[in-house]
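Hi,

Here is the structure I promised to pass on. Have a look at it first, and then read my notes below.

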Amino acid sequence: MQNSQEKSIKHAQFVANLGQYWLTPVTLVLTVSIIGIPLLLLWLPIGGIFTRRYIANMSTELTDRKLIVRKGIFTRTENTVPLDKITDMALIQGPLMRFFKLYKLTIETAGQSGAGALLNLTGIIDAADFRSLVLAQKEALNQLKSGPVADENNDTDVVTLLQEISDTLKRIEKQP
């Protein structure tokens with residue numbers, strides 16, 4: 001649902017081993033517990049199916065004015081974040097993420113409610129480059145918006161309006 005005036009800059013791709021990363025913590029917990037070992041027979045195939053479907057439904061697009069994130073299996077959500085509202089983008093990499101060579105990109109905005117990031121994007125290919133591209137586009141958009149400011153005092157409409165006000169005041173002063 002992109003505006004026809006907007007230009008798509010980049011569609012982010014996700015790494016192939018993202019599903020394995022999401023399955024690993026639960027698999028480790030089930031493996032350690034005696035009761036969980038039989039559950040592994042259910043968890044691995046069912047978890048694998050759901051993670052593949054979830055990843056297939058994920059998309060992130062950077063346009064010249066906003067960042068669009070779509071995800072979900074049962075409840076699909078689309079978050080549209082105007083670039084000028086982004087206040088912080090952090091790259092996070094925990095120990096398990098380092099093992100899988102993944103990064104989590106968190107996006108915080110002005111006016112968001114609650115603590116933490118508005119969006120968490122885990123597993124974007126070249127996350128640092130994508131982050132740099134978003135921030136560069138945000139800066140370009142800010143420079144475009146703050147272009148040359150017209151001097152209000154030299155505006156012809158303002159001068160004409162002030163002249164009319166002055167003439168009206170002079171007529172009022174002349175009345176007895």
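**What I found**

Let me start with one ring: Phe100 counts as buried, because its relative accessibility is 11% (buried means under 20% relative accessible area, exposed over 50%, and partly exposed in between, with a 1.4 Å probe and protein chains only). Its neighbour in the chain, Phe99, is exposed at 62%.

Before going on, a word on what you're looking at: this is a predicted model, where local features need pLDDT of at least 70, side-chain atom pairs count only at pLDDT 80 or more, and totals for chains, interfaces and linings use all residues. Residues are numbered from 1 along each chain as its sequence is written, and side-chain values use heavy atoms, with hydrogens and water left out.

**Aromatic rings**

How many aromatic pairs does a search of the whole structure find? The search gives four, where rings of Phe, Tyr and Trp (its six-membered ring) pair if their centres lie within 6.5 Å; planes under 30 degrees apart count as stacked, over 60 as edge-to-face and the rest as tilted. One of them is Trp22 with Tyr54, an edge-to-face pair with 5.6 Å from centre to centre and 75 degrees between the planes. Trp22 sits in helix α1 and Tyr54 in helix α2, so this pair ties together parts that are 32 residues apart in sequence. (Helices are DSSP runs of H or I with at least four residues, strands are runs of E with at least two, and both are numbered from the N terminus.) Trp22 is partly exposed at 29% relative accessible area, and Tyr54 is partly exposed too, at 26%.

Back to the two Phe rings: the centres of Phe99 and Phe100 are 5.2 Å apart and their planes stand at 90 degrees, so that pair is edge-to-face. Ring pairs also bring in Tyr21, linking it with Phe99 and Phe100 into a cluster.

**Helix α2**

Helix α2 covers residues 36-56, and at 1.5 Å a residue its 21 residues should span 30 Å; the end C-alpha atoms are 28 Å apart, which agrees. (The expected span is 1.5 Å times one less than the number of residues.) Where does α2 bend? The bend is at Leu42, by about 35 degrees, and a proline, Pro45, follows within four residues. (The bend at a residue is the angle between axes fitted to the seven residues ending there and the seven starting there.) The buried residues of α2 are Gly36, Leu40, Gly47, Gly48 and Thr51, and they pack against α1 (18-32).

**The four-stranded sheet**

One open sheet has four strands in the order β1-β2-β3-β4, with antiparallel pairing (two strands pair if DSSP finds at least two bridges between them). Its edge strands are β1 and β4 (77-82), each pairing on one side only. Neighbouring strands here are turned by 15 degrees against each other on average, direction ignored.

Strand β2 (residues 59-63) is worth a look: four of its five residues are buried, so it is largely enclosed by the rest of the structure. On one side, β2 pairs with β1 (residues 8-12) in the antiparallel sense over four bridges, and Leu62 is the bridge partner of Lys10. Four bridges also join β2 to β3 (residues 66-71), again antiparallel; here Leu62 stands opposite Leu67 and Ser59 opposite Arg70. β2 and β3 form a hairpin with two residues between them.

**The three-stranded sheet and α4**

The other sheet I noted is open, with three strands in the order β5-β6-β7 and antiparallel pairing. Its edges are β5 (86-92) and β7 (119-122), each pairing on one side only. The twist averages 15 degrees from one strand to the next (axes are lines fitted to C-alpha atoms, for helices over the stretch in contact, and angles run from 0 to 180 degrees between N-to-C directions). Helix α4 (residues 127-145) packs on this sheet and touches β5 and β6, its direction making about 170 degrees with that of β5. β6 (residues 104-109) and β7 are joined by four bridges, with Lys104 opposite Thr122.

Within α4 you'll find Gln137, which is buried at 17% relative accessible area. Leaving aside neighbours within four places in sequence, Gln137 is in contact with Ile9, Thr63, Asp64 and Leu83 (contact means heavy atoms within 4.5 Å).

Cheers

Key:
Expected span 1.5 Å × (residues − 1).
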